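Here are a few exercises to work through with the model open in your viewer. Try each task before you read its solution.

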Amino acid sequence: MHRRIIVPGALAMAALLPAIPATAASFSPGTPGIGDPYYPAYGNGGYDVSHYDLRLKYQPATDRLEGTATILARTTQDLSRFNLDFLLDVSEVRVNGAQASFTTSGQHELEITPKSPLRKGVPVTVVVRYSGVPSEKRAYGFTSWHRTPDGGVAANEPEAAWWWFPGNDHPLDKATYDVSVQVPDGSQAISNGTLQSSSSRAGWTRWNWRSDKPQATYLATLAVGRFDLTTSTTDSGIPVVNAYSKDLGPHAGAARASIERTGEIADWLAGYFGPYPYNALGGYVPNTDTGYALETQTRPFYSPRQFANGSNTSLVVHELAHQWYGDLVSVTGWKEIWINEGFARYAQWLWSEHEGEGTAQELADHVYASHPADDPFWTVRPGDPGPENQFDIAVYDRGALALQALRNEIGDEAFFAILEGWPRTYAHGNASVADFRRYAEEVSGRPLAALFDTWLFQPSKPAAPAARAASLAPAADTSVPPKSWKKIAATNDAHRHGQGRAHAH
């Protein structure tokens with residue numbers, strides 16, 4: 001953090017010369033973090049981004065990426081300098097057309113000092129020219145860039161942007177995107193949103209993608225490789241583009257059998273969450289050995305390993321549920337992760353009900369009964385799990401239990417009104433667990449503080465009386481899980497990868 005320095009002499013001079021618009025003392029550096037207690041260095045202070053224009057060139061054979069990022073932003077304070085989160089090698093920075101000086105600091109900070117200080121509330125255009133080999137860059141001991149036999153992929157949570165574009169890397173600063181990628185003929189470049197055009201010249205093909213609704217930086221994705229693309233349209237009229245690596249081997253059939261149902265599943269989810277919020281839809285499966293999936297906006301990333309035991313539409317349900325819960329409404333801070341994961345897991349329970357493979361209540365009963373009181377599962381608090389447990393299974397399963405308890409407390413009519421109304425109320429913005437509790441109280445007309453505290457914030461198993469009140473202390477034998485349990489549990493492997501970090505999917 002950098003403190004603003006006020007020089008008494010400068011204040012006196014400003015008082016004597018009121019016609020001077022600003023003094024050097026009124027400008028200060030933007031903070032190198034946006035203020036998230038889980039990840040203090042993530043994001044930056046002093047500005048708000050509205051649009052990223054990324055013009056890239058990528059060579060799969062060498063993993064070399066060259067880029068020019070044009071960032072449109074507005075200052076939120078008088079700025080003497082500001083940071084972007086980024087790892088690749090920068091050759092030039094311009095701010096409002098003028099060359100700016102720059103340096104690096106910390107694990108992933110690009111510090112930019114514009115030629116002239118920036119007043120609060122003014123539009124700013126930042127151009128960054130860069131290049132590098134993303135797979136060679138690490139921060140905090142890991143990389144979020146996945147090298148594949150035919151290219152590379154950027155997909156991770158809570159950070160992936162640093163490896164391919166500079167930005168304000170926190171969900172609080174959402175923006176629109178244009179992503180234009182030049183790759184050798186025969187390769188495809190996959191990103192979010194709609195494919196505006198593709199054209200070939202002199203052995204290279206340029207792919208132009210556009211995301212015209214606000215999108216968090218970690219939800220932006222890039223995949224380059226040799227893909228088979230399929231296109232279709234949902235019943236509701238949304239174009240679907242799916243992409244499958246040509247070398248998925250024995251996983252290819254199961255992956256396609258799952259992801260080709262994306263349009264059907266999105267339309268089904270719209271019955272619970274309201275109309276699908278974007279103008280594009282799809283998914284992609286690159287040939288990567290990582291184990292997780294991620295709800296990259298409009299086009300989720302799936303690992304081939306997720307289909308090793310056959311098709312799994314429950315995983316597709318989870319990632320598509322995030323398009324409303326996590327993407328449309330994003331967290332205010334990473335401690336609010338239950339707003340994403342508890343709801344995506346609950347959507348899997350609703351799908352199980354739809355498929356006749358176990359009701360949400362039966363799944364809740366099984367989760368409650370299968371974890372004894374001394375199981376560490378109950379020590380993780382889904383409402384504020386801590387960074388080390390941000391993607392612990394308890395955030396998913398205990399998080400979904402909390403929703404079933406809420407449903408039983410307020411009844412189906414109010415519960416499903418909340419599920420649909422919440423994404424509409426906070427569309428394209430950010431919200432917290434406290435915001436959700438207040439919204440649920442408003443819709444249901446019931447005080448819910450005790451229920452939320454019991455199920456989301458107490459590091460212990462809710463006692464039998466509380467569970468009985470929530471219909472979670474069943475009389476029937478729950479040792480035999482519902483039929484859908486195996487498929488739902490198979491998605492649990494998507495929560496972690498080899499770098500020792502946990503991830504939401």
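Before we start, one definition: two strands count as paired if DSSP finds at least two bridges between them. Keep in mind, too, that this is a predicted model.

**Exercise 1. Work out the strand order of the open sheet of 8 strands, and find which strands stand at its edges.**

Solution. Step one: walk across the sheet from partner to partner, and you get β5-β4-β8-β2-β1-β11-β14-β13. The pairing along the way is mixed. Step two: look at the ends. β5 (98-99) and β13 (194-201) each have a single partner strand, so one side of each has no neighbour in the sheet.

**Exercise 2. Take strand β1 (residues 47-59) and describe how it pairs with β2 and with β11.**

Solution. Begin with β2 (residues 64-75): it runs antiparallel to β1, and 12 bridges link the two. To check the register, find Tyr-47, which sits opposite Thr-75, then move along to Tyr-52, whose bridge partner is Ile-71. Next comes the turn: the hairpin has 4 residues between its strands, and Asp-63 there has a positive phi, near 65°. Now switch to β11 (residues 175-184), which runs parallel to β1 and is joined to it by 7 bridges. For a landmark on that side, use His-51, opposite Thr-176.

**Exercise 3. Compare the span of helix α9 with the expected value, then say which of its residues are buried and what covers them.**

Solution. First, the span: α9 covers residues 433-444, 12 in number, and its end-to-end C-alpha distance of 16 Å is close to the 16 Å expected. Second, burial, where the cut-off is under 20% relative accessible area: Val-433, Asp-435, Phe-436, Tyr-439, Ala-440, Glu-441 and Ser-444 of α9 are buried. Third, the cover: it includes the helices α5 (338-354), α7 (393-410), α8 (412-425) and α10 (449-457), along with strand β20 (429-431). Last, step just past the helix, and you meet Gly-445 with a positive phi near 70°.

**Exercise 4. How much space lies in the largest pocket, and what lines it?**

Solution. Start with the volume, which comes to about 230 Å³. Then turn to the lining: of 12 residues, the closest to the centre are Gln-306, Asn-309, Asn-312, Lys-486 and Ala-490. Finally, sort the lining by class, and you have 6 polar, 4 charged and 2 nonpolar residues.

Terms used:
Residues are numbered from 1 along each chain as its sequence is written. This is a predicted model: local features need pLDDT of at least 70, side-chain atom pairs count only at pLDDT 80 or more; totals for chains, interfaces and linings use all residues. Side-chain values use heavy atoms; hydrogens and water are left out. The expected span of a helix is 1.5 Å times one less than its number of residues. Buried means under 20% relative accessible area, exposed over 50%, partly exposed in between (1.4 Å probe, protein chains only). Contact means heavy atoms within 4.5 Å. On a 1 Å grid over the protein atoms alone, a cavity is a set of points where a 1.4 Å probe fits but cannot get out, and a pocket is an open set with protein on both sides within 12 Å along at least five of seven lines; lining residues have an atom within 4 Å of a point. Grid points are joined across faces, edges and corners, and a volume is the space filled by probe spheres set on the points. Ala, Val, Leu, Ile, Met, Phe, Trp, Tyr, Cys and Pro count as nonpolar, Asp, Glu, Lys and Arg as charged, and the others, Gly among them, as polar.
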